Amino acid sequence: TPGPTYLRLLRGAVPRILDEYDYRFELGRAAELRTGRDVVLISTGLMTMRALQAATRLESDHIDAAVLHVPTIKPLDTEAILRAARTDRLVVTLENHSVIGGLGESVAAALAFAGAGTRIVPIGLPDEFLAAGALPTLHDRYGLSTDAVIATIRAELARS
C-alpha cells in the first residue's frame, strides 16, 4: 500500500490458524471465520486465535459464537462490523492492545455513527502502565487468555 504503514507483530513462532479457513489477507476486509447465534467475537491479531478457541469451548455450554476477524483497524471494514453487530447477539471485541484507540473503540465508533445502540464488551489491555513478562503470564493477568475470555462471555451472557 502506498504511504506510511504500521504493523504490530509478535516475535518468535506464531501459530498459523487462519490457513484452515482459506483466509487471504485483504487490506480493509474483515472475514467471518465462524457463524453463531448467541455472541459475536470481533477480534484482531493473535486474539483471533483466542476467539476461535473460546468459540469452540463455549459449544459445550450450548453457546454458539461467531468470530469476525478484523485484520486492519485502519482501514476498518465498517460494513462487515455493522452486519455482525446489528443483531441481538452479545458483541465482544478482543485485542492484544490497549482498550483505548484500538479495535474496541473503532467498533464502538462505527456502531455509534451508524445509530446502532449495541452494547460492546471490550477485552483488551487496560489504559495503564503494564507489567512486563511472558505473554501467557500477562494474558492471564490482564484477562486475554482463552479461559479469561470464556469467563467474561459467560458472565456477560448471564447478565443479559
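Modeller: A pocket, in the sense used here, is an open set of grid points with protein on both sides within 12 Å along at least five of seven lines. The structure under discussion is a predicted model.

Biologist: How much space lies in the largest pocket?

Modeller: The lining of the largest pocket consists of 38 residues, and those closest to its centre are Arg8, Leu9, Thr44, Gly45 and Pro71. The space in this pocket comes to about 1500 Å³.

Biologist: Which helices and which strand each supply at least two residues of the lining of the largest pocket?

Modeller: One contributor, helix H1, spans residues 47–58. Another, strand E4, covers residues 90–98. With helix H4 (135–141) added, the elements that each supply at least two lining residues are H1, H4 and E4.

Biologist: In what order do the five strands form the open sheet?

Modeller: The pairing within this open sheet is mixed. Its edges are strand E1 (31–34) and strand E5 (120–125), each of which pairs on one side only. Neighbouring strands are turned against each other by 25° on average, direction ignored. Read across the sheet, the order is E1-E3-E2-E4-E5.

Biologist: Which residue of E5 stands opposite Ser98?

Modeller: Strand E4 (residues 90–98) runs parallel to E5, and five bridges join the two. Val91 of this pair stands opposite Ile120 in E5. For Ser98, the residue opposite in E5 is Leu125.

Biologist: What angle does the direction of H2 make with that of E3?

Modeller: H1 packs on the sheet, touching E1, strand E2 (39–43), strand E3 (65–69) and E4, and its direction makes about 165° with that of E3. Helix H2 (residues 78–85) also packs on the sheet, where it touches E2, E3 and E4. The angle between the directions of H2 and E3 is about 170°.

Biologist: Which elements do the buried residues of H2 pack against?

Modeller: The buried residues in question are Ala80, Ile81, Leu82, Ala84 and Ala85. Their partners include helix H3 (103–113) as well as strands. The full set is E2, E3, E4 and H3.

Biologist: How many of the nine residues of E4 are buried?

Modeller: On one side, E4 is joined by five bridges to E2, which runs parallel to it. Another five bridges join E4 to E5. E4 is largely enclosed by the rest of the structure, because the number of its nine residues that are buried is seven.

Biologist: Is Val40 buried or exposed?

Modeller: Val40 belongs to strand E2 and stands opposite Val91 in E4. Apart from neighbours within four places in sequence, Val40 is in contact with Ala66, Ala84, Arg89, Leu90, Val91 and Val92. The cut-off for burial is under 20% relative accessible area. Since Val40 has 2% relative accessibility, it counts as buried.

Biologist: Which side chain makes a polar contact with the side chain of Thr48?

Modeller: Thr48 sits in helix H1 and is buried, with a relative accessible area of 1%. Not counting residues up to four places away in sequence, Thr48 touches Ile17, Leu18, Leu33, Ser43 and His69. The polar contact, at 2.8 Å, is made with the side chain of Ser43.

Biologist: Is Ala132 buried or exposed?

Modeller: Ala132 is placed in the loop between E5 and H4. A residue is exposed when its relative accessible area is over 50%. Because the relative accessible area of Ala132 is 78%, this residue is exposed.

Biologist: The peptide bond from Lys74 to which residue is cis?

Modeller: Most peptide bonds are trans. The cis bond that follows Lys74 has omega near 5°. The residue on its other side, found in the loop between E3 and H2, is Pro75.

Biologist: What is the positive phi of His62?

Modeller: Most residues other than glycine have a negative phi. Asp22, in the segment before E1, has a positive phi of about 55° although it is not a glycine. His62 lies in the loop between H1 and E3 and counts as exposed at 65% relative accessibility. The phi of His62, also not a glycine, is about 60°.

Technical notes
Residues are numbered from 1 along each chain as its sequence is written. This is a predicted model: local features need pLDDT of at least 70, side-chain atom pairs count only at pLDDT 80 or more; totals for chains, interfaces and linings use all residues. Side-chain values use heavy atoms; hydrogens and water are left out. Helices (H or I, at least four residues) and strands (E, at least two) are DSSP runs, numbered from the N terminus. Buried means under 20% relative accessible area, exposed over 50%, partly exposed in between (1.4 Å probe, protein chains only). A polar contact is a pair of N or O atoms within 3.5 Å; within protein, one must be able to donate a hydrogen and the other to accept it, and residues adjacent in sequence count only if both atoms are side-chain atoms. Contact means heavy atoms within 4.5 Å. Two strands pair if DSSP finds at least two bridges between them. Axes are lines fitted to C-alpha atoms, for helices over the stretch in contact, and angles run from 0 to 180 degrees between N-to-C directions. On a 1 Å grid over the protein atoms alone, a cavity is a set of points where a 1.4 Å probe fits but cannot get out, and a pocket is an open set with protein on both sides within 12 Å along at least five of seven lines; lining residues have an atom within 4 Å of a point. Grid points are joined across faces, edges and corners, and a volume is the space filled by probe spheres set on the points.
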